[in-house]
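Here is a short briefing for you on ring contacts and helix packing. Take a look at the structure first, and then read on.

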Amino acid sequence: MKELLLLAHRLPFPPNKGDKIRSYHLWRFLSERYRVHLGAFVDREEDRVFIPEVEKMCNGASFLPWLDGRQAKWRSLQGLLTGQALTLPYYRHEAMQKWVNDLLVERELAGVVIYSSAMARFVPHNSGSLRLLVDFVDCDSLKWRQYSTTRWGLMRWIYAREGEQLLDWEKRVAGRADASFFVSPAEAALFRNQAPGIAERIGFWENGVDAERFDPALNYPDPYGPGGKMLVFTGAMDYWPNVQGVVWFAREVWPRILRQEPETRWAIAGGRPTPDVQRLANLPGVRVTGAMADSRPYIAHATVAVAPLFIAQGVQNKVLEAMALAKPVVTTPKAMEGIRHCPEAARWITEDPERMAGMVVTLLRDADLCRQSGKAGRTCILRDYRWEVNLERLLAALEGV
């Protein structure tokens with residue numbers, strides 16, 4: 001079996017949040033076809049327990065060092081002195097660099113796959129004839145520029161600078177790569193506009209959903225208990241766009257819903273909630289779950305999923321998973337712009353709080369409409385969002401087809 005190096009900025013296991021879901025399926029797909037040497041950082045204390053399992057899945061072909069977030073943040077400030085994007089010194093790691101260098105010398109590799117542009121720093125420019133593929137996932141530089149529009153003073157400048165410097169790095173990485181991938185056609189088109197000279201090497205492979213695991217026909221335990229109908233938002237609740245979204249929904253939309261349907265409940269289901277999110281539990285009908293072993297019961301026993309995101313790039317897994325479980329999703333344009341070919345889902349998109357509340361109330365009051373919309377969403381998933389099918393694009397590029 002041919003050997004391959006896969007570098008990821010975060011341990012791709014367990015697949016319980018956006019970036020780890022995509023990296024896990026990439027890793028699993030490649031491992032079925034190559035002997036994969038996995039180099040990835042462990043940056044969360046709760047993930048340390050998974051290291052033995054990951055090493056077993058890799059047959060020992062892995063390097064999984066601890067990345068101390070506090071030290072990494074201090075290192076990142078060096079970028080202000082060197083003119084780099086702050087992201088790059090954040091991930092500087094001498095042991096990871098040595099492991100990669102030794103591997104490139106000692107093993108006969110068929111290629112290198114990089115997940116997240118920051119990890120390209122570990123692959124030397126003189127890596128010979130190895131095929132190099134990069135999965136950027138999103139245009140991270142654009143996300144930083146979006147962040148800057150919501151800040152003032154020094155932080156506005158830092159975020160804008162990061163967007164500019166990171167874009168320069170992304171273009172340099174893509175210029176080295178045999179092929180670069182993004183999470184959607186729209187995201188790939190955005191980057192082609194920034195790097196027209198290498199447009200023919202910019203592609204995409206879309207996220208998927210394990211439709212057998214996210215099957216509405218399965219029997220899920222009810223995490224809510226008796227009471228009014230449920231709304232649900234799922235996602236990492238220390239991720240700022242998610243925090244911003246639920247706080248906005250709680251302030252602008254939730255009171256309008258309660259005035260019309262006062263028995264409605266809303267679950268904010270996701271780990272590591274910030275203080276701003278925790279305070280939302282004081283609102284009538286709102287439950288903040290904290291960490292969950294499994295998000296599926298929370299989605300399956302909700303009537304409607306909501307995804308009110310105003311800063312978002314690429315494809316939102318929270319939307320795909322709700323669609324797979326045949327739930328209608330009321331969302332903003334940003335959260336849906338990477339998802340295609342699903343006209344029924346497009347009925348429930350708005351940024352206007354009054355309209356969003358009206359959409360939710362309409363679905364809460366019409367069970368048949370809920371079922372119809374949910375069924376259409378699952379049909380879309382089965383047609384366009386299957387991991388194995390979508391990853392064939394990357395495999396073809398890796399094999400030079």
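The notes below cover aromatic pairs, charges over rings and one helix contact.

This is a predicted model. It holds 19 aromatic pairs, and one of its helix contacts brings together H13 and H16.

**Aromatic rings**

- In the pair of Phe 41 and Phe 122, the ring centres are 6.1 Å apart and the planes stand at 55°, so the pair counts as tilted.
- Phe 41 belongs to the loop between strand S2 (35–40) and helix H2 (51–57), while Phe 122 belongs to the loop between strand S4 (109–115) and strand S5 (131–137), so this pair ties together parts that are 81 residues apart in sequence.
- Both Phe 41 and Phe 122 are buried.
- One aromatic cluster is formed by Phe 13, Tyr 24, Trp 27 and Phe 50.

**Charges over rings**

- Phe 122 also has a charged partner: the charged end of Arg 121 sits over its ring, 5.7 Å from the centre.
- Over the ring of Phe 29 sits the charged end of Arg 33, 3.7 Å from the ring centre.

**Helix packing**

- Two packed helices are described by the angle between their axes and the distance between the axes.
- For helix H13 (residues 317–324) and helix H16 (residues 367–384), the axes come within 7 Å and cross at roughly 115°.
- That crossing angle makes H13 roughly perpendicular to H16.
- On the H13 side, Leu 320, Met 323 and Ala 324 take part, and they meet Gly 374, Gly 377, Arg 378, Cys 380 and Ile 381 of H16.
- Sorted by class, this contact of H13 with H16 has five nonpolar residues, two polar and one charged.

Note on methods:
Residues are numbered from 1 along each chain as its sequence is written. This is a predicted model: local features need pLDDT of at least 70, side-chain atom pairs count only at pLDDT 80 or more; totals for chains, interfaces and linings use all residues. Side-chain values use heavy atoms; hydrogens and water are left out. Rings of Phe, Tyr and Trp (its six-membered ring) pair if their centres lie within 6.5 Å; planes under 30 degrees apart count as stacked, over 60 as edge-to-face and the rest as tilted. Helices (H or I, at least four residues) and strands (E, at least two) are DSSP runs, numbered from the N terminus. Buried means under 20% relative accessible area, exposed over 50%, partly exposed in between (1.4 Å probe, protein chains only). A charge sits over a ring if NZ of Lys or CZ of Arg is within 6 Å of the ring centre and within 35 degrees of the ring normal. Axes are lines fitted to C-alpha atoms, for helices over the stretch in contact, and angles run from 0 to 180 degrees between N-to-C directions. Angles under 35 degrees count as roughly parallel, over 145 as roughly antiparallel, 65 to 115 as roughly perpendicular and the rest as oblique. Contact means heavy atoms within 4.5 Å. Ala, Val, Leu, Ile, Met, Phe, Trp, Tyr, Cys and Pro count as nonpolar, Asp, Glu, Lys and Arg as charged, and the others, Gly among them, as polar.
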